[in-house]
Every structure is written in structure tokens, then in C-alpha cells.
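Biologist: I should like to learn how to read a protein model feature by feature. Could we begin with the general idea each time and then turn to the case at hand?

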Amino acid sequence: MNKPGISRKLAVVGARGVGKSSLTARYTQEKFLDSYYPTIENQFSKDVTIDKKLYNLEILDTAGQDEYSMMNDKHLIGIHGYILIYSVTSRSSFELISTIREKIVDSIIPLSDGDSVDIPFVIVGNKTDLNALRQVPTTEGEELGKKFNCPFIEVSAKDNINVDKCFKLVLTTVNKFIDPPISKESNCSIV
Ligand SMILES: Nc1nc2c(ncn2[C@@H]2O[C@H](COP(=O)(O)OP(=O)(O)OP(=O)(O)O)[C@@H](O)[C@H]2O)c(=O)[nH]1
């Protein structure tokens, strides 16, 4: 029997060590991972009610990317929305966000049979608890969000700041793409 609820599959992508697993574990298991174990790939589930709607979430915690790594098709097929995550303590991880976004866009176009493709992205700056080590000011995250017409939020997986809010933002962003308002304008829409 099908589970009641709306099925949503999300992928968390970003550079190595930015906190993809920590953010996912904080949200799905309410715990923080102090030690660092590089991820190959993990999938987590969570049922959550947001705005009176029940969602069955599948969250794909992907391996850390670099400029040269290739996106696996598994990260593209059936994904409703992407969390593009960097660490506010790492400028290089912030700079990689644009590259990763471009790789996702370029990989999805050939899979789409030439139809128009809408890809919901949310940009997330993690590790705000390490403010003394910050290399990326909030304003730069906001500007990148504006550039790509994507929501932006800063979080701390460690201190559990904005984590629920971040996933709610992703789900509402996905909903806007799936059930768009009548006059939608989005730079994330590719034809
Ligand atoms: N201070 C602080 N440390 C964090 C936070 N999030 C993650 N970390 C630490 O950063 C390190 C890497 O975290 P992970 O969650 O494993 O990072 P990841 O992006 O999944 O790493 P890869 O799988 O290698 O790509 C770990 O030591 C975490 O404890 C945070 O919000 N604040």
C-alpha cells in the first residue's frame, strides 16, 4: 500500500567537508556528527508535515564534489530539488557552487528530451557558528541567490540554527516549480 503523503526527493550537493552529512543527519536524525567521515553516498528518509501537508522525504547525501568530478545520473533522475551547500568558512566551497549548479543544469538538459526543464535550487551557507573563521560574508550568499534567482539561507548544522527552516524553504521552492504561480519568472528555468 502506498504511504499517505507527498513524495519528494532532494539531493544535497557541495564541496567536500562543507557539512552535507551533518545537515542531513541534523534534520533527519536530530543529531550532530562531530567526526568527519567522507561520504560515498547515503539516503535518508523523513516524514514531515509542513503547512498542513504531509511529505515523505528522501534525502540523498552525495559525495563531496570538486571541479573535476562528474555528476552521477542517480543525482539527477527523479530529484525534485537541490540543496547547493557551501561552508561560510571556505571561499573555495562557495566558488564551487556556481560550477556544481552549471554541471547539474548541463546534465539535466540531455535527459529532458529537449523539453523545458525547471530545476529548483536553494543555496545554503553552513557553519555559521564558526563566525570567527568566516570567509564568505552573508551578502555574497545573498547576491549569488539573486544571480541565480534561487532562495538563499545560512545555517549551522552544529548549533541547529535554521535547519528546519532550510528544508521548509526547499520544499516550498519545489512546490513553486511543480505548481507554479501564473506569472512566474525564473532564471532557473531552462528551455
Ligand atoms: N562547527 C561546525 N562544524 C560543522 C558543521 N557542519 C559540519 N561540521 C563539521 O565539518 C566536518 C565535515 O562535515 P560532514 O557533514 O562530514 O561534511 P560533508 O560535506 O558531508 O563531507 P563529504 O562527505 O566528505 O563531502 C565534520 O567534522 C563536521 O563535524 C557546522 O554547522 N558547524
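Modeller: Let us begin with the elements: helices and strands are DSSP runs, numbered from the N terminus. In this predicted model, the order of elements from the N terminus on is β-α-β-β-β-α-β-β-α-β-α-β.

Biologist: How many helices and how many strands does the chain have?

Modeller: The chain has 4 helices and 8 strands.

Biologist: How is a sheet to be read, and in which order do the strands of the open sheet lie?

Modeller: Strands of a sheet pair through backbone hydrogen bonds, either parallel or antiparallel. Here 6 strands make up an open sheet with mixed pairing, in the order β2-β3-β1-β4-β6-β7. Its edge strands, β2 and β7, each pair on one side only. On average, neighbouring strands of this sheet are turned by 25 degrees against each other, direction ignored.

Biologist: In which sense do β2 and β3 run, parallel or antiparallel?

Modeller: Strands β2 and β3 run antiparallel and are joined by 10 bridges. Two residue pairs help to locate this contact on the display: Val48 has Tyr55 in β3 as its bridge partner, and Phe44 stands opposite Ile59 in β3.

Biologist: And what are the partners on either side of β6?

Modeller: Strand β4 (residues 81-87) pairs with β6 in the parallel sense over 6 bridges, and the bridge partner of Ile85 in β6 is Val124. Strand β7 (residues 152-154) also pairs with β6 in the parallel sense, over 3 bridges; there Ile123 stands opposite Phe152. In addition, β6, helix α3 (residues 138-147) and β7 make a right-handed β-α-β unit.

Biologist: How should I read the side chains of a strand, and which residues of β6 point which way?

Modeller: In a regular strand the side chains alternate between the two faces of the sheet. In β6, Phe121, Ile123 and Gly125 point one way, while Val122, Val124 and Asn126 point the other way.

Biologist: Why is β6 described as largely enclosed by the rest of the structure?

Modeller: The cut-off needed here is that a buried residue has under 20% relative accessible area. In strand β6 (residues 121-126), 6 of the 6 residues are buried, so the strand is largely enclosed by the rest of the structure. For the chain as a whole, buried residues make up 48% of the 191 residues.

Biologist: May we apply the cut-off to residues in helices? Where is Ser93 placed, and is Ser93 buried or exposed?

Modeller: Ser93 belongs to helix α2 (residues 91-111). Ser93 counts as buried because its relative accessible area is 2%. A comparable reading holds in helix α4 (residues 163-178), where Val174 is found: Val174 is buried because its relative accessibility is 0%.

Biologist: I turn now to backbone angles. Which residue in the hairpin of β2 and β3 takes a positive phi?

Modeller: Most residues other than glycine have a negative phi, and most peptide bonds are trans. In the hairpin of β2 and β3, with 2 residues between the strands, Asp51 takes a positive phi near 50 degrees. Glu30, a residue other than glycine, likewise has a positive phi, near 55 degrees. Asn160 is not a glycine either, and its phi is positive at about 55 degrees.

Biologist: Where do Glu30 and Asn160 lie, and how accessible are Glu30 and Asn160?

Modeller: Glu30 lies in the loop between α1 and β2, and Glu30 is exposed because its relative accessible area is 63%. Asn160 is in the loop between β7 and α4; with a relative accessible area of 43%, Asn160 is partly exposed.

Biologist: Finally, how does one read a pocket, and how much space lies in the largest pocket?

Modeller: Rolling a probe the size of a water molecule over the atoms shows where empty space is left. The largest pocket holds about 610 Å³ of space. Among the 29 residues that line the largest pocket, Gly19, Ser22, Leu33, Ser35 and Tyr36 are the closest to its centre.

Biologist: Which element gives the largest share of that lining, and how do the lining residues divide?

Modeller: Helix α1 gives the largest share, 5 residues. Both α1 (20-29) and β2 (41-50) supply at least two residues each. By type, the lining of the largest pocket divides into 11 nonpolar, 10 polar and 8 charged residues.

Key:
Residues are numbered from 1 along each chain as its sequence is written. This is a predicted model: local features need pLDDT of at least 70, side-chain atom pairs count only at pLDDT 80 or more; totals for chains, interfaces and linings use all residues. Side-chain values use heavy atoms; hydrogens and water are left out. Buried means under 20% relative accessible area, exposed over 50%, partly exposed in between (1.4 Å probe, protein chains only). Two strands pair if DSSP finds at least two bridges between them. A crossover is right-handed if, with the strands pointing away from the viewer, the path from the first strand over the helix to the second runs clockwise. On a 1 Å grid over the protein atoms alone, a cavity is a set of points where a 1.4 Å probe fits but cannot get out, and a pocket is an open set with protein on both sides within 12 Å along at least five of seven lines; lining residues have an atom within 4 Å of a point. Grid points are joined across faces, edges and corners, and a volume is the space filled by probe spheres set on the points. Ala, Val, Leu, Ile, Met, Phe, Trp, Tyr, Cys and Pro count as nonpolar, Asp, Glu, Lys and Arg as charged, and the others, Gly among them, as polar. Axes are lines fitted to C-alpha atoms, for helices over the stretch in contact, and angles run from 0 to 180 degrees between N-to-C directions.
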